[in-house]
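Trainee: Have you got a minute to go through this model with me? I'd like to start with one residue and then work outwards.

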Amino acid sequence: MSEARPVQVVVAYDFSPSAEAALARAVDVAARAPQHVLHIVAALEPHVGIGHGAATYRTADEVRDVIVRRAKSAFDGRDTASEIQFFVHTRIGRPDEEILGLAAEVGADLIFIGSHGKTGLERVLLGSVSEKVVREAKCPVMVVRAKGYPEVDLLKVFRFEHERKHFTAPHRYSYIETRVITRPPDWPLV
């Protein structure tokens, strides 16, 4: 049996809370399926000041070192199926162009990107990197933001016979090894 081809995953990172959520989600995926290779990319605008001036190659190296520490902390304490490879790319340029450029270079199978939730005039004036990446990417894109829904205790599902049926009862299945198994209809859906 031949070894599976690595799944190339680009993770857009800009130090925002939504980027942290995107990194965490990508690490979750890679921890469960180690054939995923993560490419964490930070794009530094060339004329936007960082600290005491515009982005330089030295700045890019410093940013890369910080991202490596963030990635390490995202992996800390996680059980992983095996060794996980990740690369950190720091680039100088427009974020949307650099993210899409890296995706093309590595043959991305999936992109994780955070959403800042800008709306209205703010989005029109500043643009939306995630929106452009979703529109122009040539692979699936997962737009990640922190969970805002509260935890919910789900109700137990039970059969209710009614004289007017306009649906079929849900069926329960399991996937084990290479087989799909149908569960008996009297098994609960819990």
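**Going through the model**

Mentor: Ala-104 is a place to start; it sits in helix 3, which covers residues 95–106. Keep in mind that this is a predicted model.

Trainee: Is Ala-104 buried or exposed?

Mentor: Exposed, because its relative accessibility is 62% and the cut-off for exposed is over 50%.

Trainee: How far is the C-alpha of Ala-104 from that of Cys-139?

Mentor: The two C-alpha atoms are 9.7 Å apart, and the residues are 35 positions apart along the chain.

Trainee: Staying with helix 3, at what angle does it cross helix 5?

Mentor: Roughly 35°, with the axes coming within 9 Å. Helix 5 is residues 129–136. The crossing is right-handed.

Trainee: Which residues make that contact?

Mentor: Helix 3 contributes Pro-95, Asp-96, Ile-99 and Leu-100, and helix 5 contributes Val-129, Lys-132, Val-133 and Glu-136. Sorted by class, that is five nonpolar residues, three charged and no polar ones.

Trainee: New topic. Which residues touch the most other members in the largest nonpolar core?

Mentor: Val-9, Val-11, Leu-23, Leu-38, Ile-40, Ile-67 and Phe-112, out of 29 residues in that core.

Trainee: Which elements supply at least two residues each?

Mentor: Strand 1 (7–12), helix 1 (17–32), strand 2 (36–44), helix 2 (57–75) and strand 4 (110–114). Helix 1 gives the most, with nine residues.

Trainee: And what does Val-11 touch?

Mentor: Leaving out residues up to four places away in sequence, Val-11 touches Ala-22, Leu-23 and Ala-26, then Leu-38, His-39, Ile-40 and Val-41, and also Phe-112.

Trainee: What about a second core, how many residues does it have?

Mentor: It has 13 and is separate from the other one. Val-10, Leu-100, Ile-111 and Ala-137 are among its members. You have met Leu-100 already, on the helix 3 side of the contact with helix 5.

Trainee: Back to strand 1. Is Gln-8 buried or exposed?

Mentor: Gln-8, which is in strand 1, is buried, because its relative accessible area is 14% and buried means under 20%.

Trainee: What does the Gln-8 side chain make a polar contact with?

Mentor: The side chain of His-39, at 2.7 Å. His-39 also appears among the residues that Val-11 touches.

Trainee: Which other residues is Gln-8 in contact with?

Mentor: Besides His-39, and setting aside neighbours within four places in sequence, Gln-8 is in contact with Val-37, Val-106, Gly-107, Ala-108, Asp-109 and Leu-110.

How values were computed
Residues numbered from 1 in each chain as written. Predicted model: local features only at pLDDT ≥ 70, side-chain atom pairs only at ≥ 80, totals over all residues. Heavy atoms only, no water. Helix = DSSP H or I, 4+ residues; strand = E, 2+ residues; numbered from the N terminus. Buried < 20%, exposed > 50% of the residue type's maximum accessible area, 1.4 Å probe, protein only. Core = buried A, V, L, I, M, F, W, Y, C linked by side-chain atoms within 4.5 Å. Contact = heavy atoms within 4.5 Å. Polar contact = N/O pair within 3.5 Å; in protein donor to acceptor, adjacent residues only side chain to side chain. Axes fitted to C-alpha atoms, helices over the stretch in contact; angles between N-to-C directions. Left-handed = near helix turned anticlockwise from the far one by under 90°. Nonpolar A, V, L, I, M, F, W, Y, C, P; charged D, E, K, R; others polar.
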